Amino acid sequence: MENENQFYHSVAIGNLKLDGNLFLAPVAGYSDCAFRHLCKRGGANFSYTEMVSAEALVRGSGKTQELMVRAPDEDKYAVQIFGGEPQTVAKAALIVAERVNPEVIDINAGCPVPKIIKTGAGSALTRDPERLFEVVSQTKKALTEAGRDIPVTVKIRSGWDSSSLTWKEAADASLKAGADAITLHPRTRAQGYEGKADWSLLAELVKLVCGKIPVFASGDIFSPENVKACFEQTGVDGVMFARGAMGNPFIFDETKRFLLSGEHYSTPPNIRISAGMEELDILIKLKGEVTACREMRKRFCAYSKGLEKASQMRASIVSANTRADFAAIFSEYIS
Ligand SMILES: Cc1cc2nc3c(=O)[nH]c(=O)nc-3n(C[C@H](O)[C@H](O)[C@H](O)COP(=O)(O)O)c2cc1C
């Protein structure tokens, strides 16, 4: 492939071939079809939906469909599901396959939210390798038996808390169950999103997995320089931007340029803000102006980062109710 180098290169997840290894992570409240559409245009090689409840899918709750919608022009994407009951997750995977036929189904074994953990899902799975094994193997089996050759991947944390680091056991269980890739976010459930991600665990995981399947990194990936350092220090096959992509869907192209040529390129604010307005327009079409504007408030706070009058702008952003309100706030930046 053209444009390959030591760090930026193609990667295969099961039968799926991706041109590059810079991904958008699953991020609830952000990585919907509108934002994924912009990230794809901004150079993301692959993107994950927000987590979707396996229980809700099986129950037939209407809202799940919205979370799984493929973005315009999104030829490849992953749907992430969460659940603690192996049979329910397997059934949910079949429903996902039937409804949207994604290129990958990812299993959330990292969410730290108490309501989710209580059901045995999210990071409860990282500390319960036997259950994780059942979730992954039953999901794989159900898809295979239904003739759906969709790779199944797993996203884990480093463990429950600093005295219970179970990522090794979780990774082992995932491998044995036939997972097609593992993403590690090397923070514990107790850390949430605070503190430093311990990349040394990623390097250990790469050794443990020994090239059998790809390993992806999540955690403290905020800039092209972070990506290069992460590749250098860990040897992972790909990285995910999560908070680092908020307000800048062009971070993927910026990173690719940096990895391929060493060039430091920052997307100008007017381009970023226009992308935010486009994101808003997509959401308005899908959900109507009231809901779209409410959902875009926090996202526009991210888009405003680094602007000259960012803190004043934020006060207006959090009370904006219409498209016109946002257009007025950002009038200097949009044509
Ligand atoms: C607001 C928010 C929502 C998130 N939602 C999900 C999710 O739905 N599924 C998931 O696996 N991880 C989720 N994550 C975790 C991210 O995918 C990522 O692993 C984490 O933010 C660490 O990366 P970072 O330090 O580069 O932001 C979420 C994180 C944040 C901040």
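Select Q80 and D106: the bridge partner of Q80 in strand β6 is D106. Strands here are DSSP runs of E with at least two residues, helices are runs of H or I with at least four, and both are numbered from the N terminus. Residues are numbered from 1 along each chain as its sequence is written. The model is predicted, local features need pLDDT of at least 70, side-chain atom pairs count only at pLDDT 80 or more, and totals for chains, interfaces and linings use all residues.

**Around β5**

Next, select residues 104-109, which are β6; β6 runs parallel to β5, and 4 bridges join the two. Two strands are taken as paired if DSSP finds at least two bridges between them. Then add residues 46-53, strand β4, which is also parallel to β5 and joined to it by 4 bridges. Here, V52 has I81 of β5 as its bridge partner.

Now show β5 itself, residues 78-82: 5 of its 5 residues are buried. Buried means that 20 or more other C-beta atoms lie within 10 Å of the residue's own, exposed means 12 or fewer, and partly exposed is in between, with C-beta atoms placed from the backbone. Colour A78, Q80 and F82 for one side and V79 and I81 for the other; both faces are covered.

Add helix α4, residues 86-100, between the strands in the selection: β5, α4 and β6 form a right-handed β-α-β unit. Right-handed means that, with the strands pointing away from the viewer, the path from the first strand over the helix to the second runs clockwise.

**A142**

Move to helix α7, residues 129-145, and pick A142. Why does A142 count as buried? Because A142 has 20 C-beta neighbours inside 10 Å. Its contacts, leaving out residues up to four places away in sequence, are A90, A93 and L94; contact means C-beta atoms, placed from the backbone, within 7 Å. For a distance check, the C-alpha atoms of A142 and D180 are 15 Å apart, with their positions 38 residues apart in sequence.

**The ligand**

Select the ligand and its surroundings, taking residues whose C-beta atom, placed from the backbone, lies within 6 Å. There are 22 residues, the closest being A25, P26, M51, A242 and R243. The shell holds 10 nonpolar, 8 polar and 4 charged residues. Nonpolar covers Ala, Val, Leu, Ile, Met, Phe, Trp, Tyr, Cys and Pro; charged covers Asp, Glu, Lys and Arg; the others, Gly among them, are polar.

**Two domains**

Finally, colour domain 1 (11-261) and domain 2 (269-329), as given by the domain assignment, whose bounds come from an automatic or database source. The contact takes 10 residues from each of domain 1 and domain 2.

How values were computed:
Contact = placed C-beta atoms within 7 Å.
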